[in-house]
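Subject: Structure handover

Hello,

Here is the structure for your files. Please look it over before reading my notes below.

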Amino acid sequence: MSEELRLREGGGLKPALEEYLGDWSVRTGIAVETWALPDAPLPCAVVRGVCAVVTEALTNVERHSGARHVAIAVTVGDTGLRMTVSDEGVGFSEGTTGRGLAAMKASFVEIGGTLSINSVLGSGTTLSGVVPKRALRGA
Ligand SMILES: Nc1ncnc2c1ncn2[C@@H]1O[C@H](COP(=O)(O)OP(=O)(O)OP(=O)(O)O)[C@@H](O)[C@H]1O
Ligand SMILES: [Mg+2]
């Protein structure tokens with residue numbers, strides 16, 4: 001079976017991402033450090049949105065970054081959901097735009113959150129997404 005994300009009914013974010021990240025790492029040869037994935041039940045739309053952003057982010061890591069490692073953390077706490085995807089690759093300059101970068105930001109807006117993308121040439125790229133607690137109701 002391909003590395004395509006399988007969002008089985010009731011499967012949740014953690015098992016879906018664990019499987020995806022494992023398959024992706026084997027295929028690309030890029031090591032994934034998973035710091036945290038949440039057990040908490042989340043609204044379907046949030047699971048889909050976060051998965052869409054992680055897959056797009058990792059596609060960029062594979063295609064553009066040259067990094068050998070990528071670190072991922074998704075946590076759910078008192079303030080809401082936080083997602084970080086960070087690579088230590090080539091980075092890109094301020095003002096860079098693209099369909100993928102815009103789509104990732106739009107995905108977070110769609111689920112009631114925000115995504116910031118920070119990149120430093122020669123140092124790497126970090127995506128930081130937040131979905132406030134009030135947008136996580138209805139799980
Ligand atoms: N993790 C990354 N490391 C280095 N450069 C990156 C990274 N992510 C994005 N970039 C740079 O930002 C540009 C825009 O990214 P974006 O995802 O919007 O477009 P793309 O990947 O080129 O094409 P697509 O529309 O298929 O996603 C890329 O072309 C690349 O130069
Ligand atoms: Mg892209």
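UniProt positions are given in the numbering used here, feature names are shortened, and annotations may be inferred rather than shown by experiment. On that footing, the unreviewed UniProt entry places "domain: Histidine kinase/HSP90-like ATPase" at residues 49-132.

This is a predicted model: local features need pLDDT of at least 70, side-chain atom pairs count only at pLDDT 80 or more, and totals for chains, interfaces and linings use all residues. Residues are numbered from 1 along each chain as its sequence is written, chains are lettered from A and ligands numbered from 1 in the order written, and side-chain values use heavy atoms, without hydrogens and water.

**Fold.** The chain has three helices and five strands (DSSP runs, numbered from the N terminus: H or I of at least four residues, E of at least two). From the N terminus the order is α-β-α-β-β-α-β-β. Residues 49-132 are 35% helix and 39% strand, with end C-alpha atoms 14 Å apart.

**Overall shape.** The C-alpha atoms fill a box of roughly 40 × 35 × 25 Å along the principal axes. Buried residues (under 20% relative accessible area, 1.4 Å probe, protein chains only) make up 41% of the 139 residues.

**Metal site.** E56 (OE) and N60 (OD1) are the protein donors of the magnesium ion (ligand 2), at 2.1 to 2.7 Å. Donors are N, O and S atoms within 2.8 Å of the metal (3.2 Å for Na, K and Ca); water is not among the atoms, so sites may look incomplete. E56 and N60 sit about one helical turn apart, because four residues separate them in helix α2 (residues 44-65). Both E56 and N60 are buried.

Best regards

Key: Buried means under 20% relative accessible area, exposed over 50%, partly exposed in between (1.4 Å probe, protein chains only).
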